[in-house]
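Please read the following report alongside the sequence and the coordinates. The notes are arranged by region, so that each residue can be looked up as it comes.

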Amino acid sequence: MAVKKAVQNGDVEDAIGKVNDLNPEILDTNPLLYFHLQQQRLIELIRHGKVEEALGFAQEELAPRGEENPAFLEELERTVTLLAFEDVANCPLAELLDMSQRLKTASEVNAAILTSQSHEKDPKLPSLLKTLIWGQSLLDEKASYPRISDLSTAALEDPAA
């Protein structure tokens, strides 16, 4: 949660530190995730008008990754294009500055953390409830049993009633 909150608040450096404290292999084994975090860091520099720092960061940190992977290069070029506009909030790529971009990156980080901890990306409860409903529907045809009638309270129905 702390990592996700840091990304959502635009504090990407703190998020990277927290991920590395949790499990350094997450970023080592997932270059796309690391690139997206660094890309988000670049977006935050641009958001705060730190043009020179953003250019230096893009050249030193992201350009070498773009040379290794054409998909990274395309995303990097798209992000750096923000620097060409004086009013980035009203440019054609303004969606990169939206909260939705931060949320997208935060969700990607969260999924990687959960996967590294051997958890599912999605909660198990909905699928368990679907399985329960399916199982009860099969049993309804063949047996009388104490059936769960209200899933929100787990109230049982008396089969004799």
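What follows is a description of selected parts of a predicted model.

## The largest pocket

The largest pocket of this predicted model has a volume of about 180 Å³. Its lining is made up of Gly 10, Asp 11, Val 12, Glu 13, Arg 41, Glu 44, Leu 45, His 48, Lys 50, Glu 53 and Phe 57. Sorted by class, these lining residues comprise 6 that are charged, 3 that are nonpolar and 2 that are polar.

Three helices each contribute at least two residues to the lining of the largest pocket, namely helix 2, which spans 12-22, helix 4, which spans 31-47, and helix 5, which spans 51-68. Of the elements that take part, helix 4 gives the most to this lining, with 3 residues.

## Helix 4 against helix 6

Helix 4 also packs against helix 6, which covers residues 70-80, and the axes of the two come within 10 Å and cross at roughly 10°. An angle under 35 degrees counts as roughly parallel, and helix 4 and helix 6 are therefore described as roughly parallel to each other. On the side of helix 4 the contact is made by Pro 31, Leu 32, Phe 35, His 36, Gln 39, Leu 42, Ile 43 and Ile 46, while helix 6 brings Phe 72, Glu 75, Leu 76, Thr 79 and Val 80. The residues of this contact between helix 4 and helix 6 divide into 9 nonpolar, 3 polar and 1 charged.

Gln 39, a residue of helix 4, deserves a separate look. Is Gln 39 buried or exposed? Its relative accessibility is 5%, and because buried means under 20%, Gln 39 counts as buried. When residues up to four places away in sequence are not counted, Gln 39 touches Leu 62, Glu 75 and Thr 79; of these, Glu 75 and Thr 79 are among the residues that helix 6 brings to its contact with helix 4.

## Two neighbours in helix 7

Thr 105 is placed in helix 7, which runs over residues 99-116, and Lys 104 lies in helix 7 as well. With a relative accessibility of 2%, Thr 105 counts as buried, whereas Lys 104, at 53% relative accessibility, counts as exposed.

Which residues does Thr 105 contact, once its neighbours within four places in sequence are left aside? The contacts of Thr 105 are with Val 7, His 36, Leu 37 and Gln 40, and His 36 is also one of the residues through which helix 4 makes its contact with helix 6. For Lys 104, a long separation along the chain goes with a spatial distance of 9.2 Å, since the C-alpha atom of Lys 104 is that far from the C-alpha atom of Gln 8, although the two positions lie 96 residues apart in the count along the chain.

## Leu 22 in helix 2

Leu 22 lies in helix 2, one of the helices that supply the lining of the largest pocket. The relative accessible area of Leu 22 is 44%, and Leu 22 is accordingly partly exposed. Leaving out residues up to four places away in sequence, Leu 22 touches Ile 113 and Gln 117. Leu 22 and Ile 113 are 91 residues apart in sequence, and their C-alpha atoms are 8.5 Å apart in space.

## From helix 8 to the strands

Ser 137 lies in helix 8, which covers residues 125-140, and with a relative accessible area of 34% it is partly exposed. The C-alpha atom of Ser 137 is separated by 45 Å from that of Asp 98, which is 39 residues apart from it along the chain. Lys 142 has its place in the loop between helix 8 and strand 1, and a relative accessible area of 71% makes Lys 142 exposed. Between the C-alpha atoms of Lys 142 and Pro 64 there are 64 Å in space, for 78 residues in sequence.

Ala 154 is found in the loop that joins strand 1, at 147-150, to strand 2, at 155-157. What is notable in the backbone of Ala 154 is its phi. The phi angle of Ala 154 is near 60°, a positive value in a residue other than glycine. Ala 154 is partly exposed, its relative accessible area being 44%.

Definitions and conventions
Residues are numbered from 1 along each chain as its sequence is written. This is a predicted model: local features need pLDDT of at least 70, side-chain atom pairs count only at pLDDT 80 or more; totals for chains, interfaces and linings use all residues. Side-chain values use heavy atoms; hydrogens and water are left out. On a 1 Å grid over the protein atoms alone, a cavity is a set of points where a 1.4 Å probe fits but cannot get out, and a pocket is an open set with protein on both sides within 12 Å along at least five of seven lines; lining residues have an atom within 4 Å of a point. Grid points are joined across faces, edges and corners, and a volume is the space filled by probe spheres set on the points. Helices (H or I, at least four residues) and strands (E, at least two) are DSSP runs, numbered from the N terminus. Ala, Val, Leu, Ile, Met, Phe, Trp, Tyr, Cys and Pro count as nonpolar, Asp, Glu, Lys and Arg as charged, and the others, Gly among them, as polar. Buried means under 20% relative accessible area, exposed over 50%, partly exposed in between (1.4 Å probe, protein chains only). Contact means heavy atoms within 4.5 Å. Axes are lines fitted to C-alpha atoms, for helices over the stretch in contact, and angles run from 0 to 180 degrees between N-to-C directions. Angles under 35 degrees count as roughly parallel, over 145 as roughly antiparallel, 65 to 115 as roughly perpendicular and the rest as oblique.
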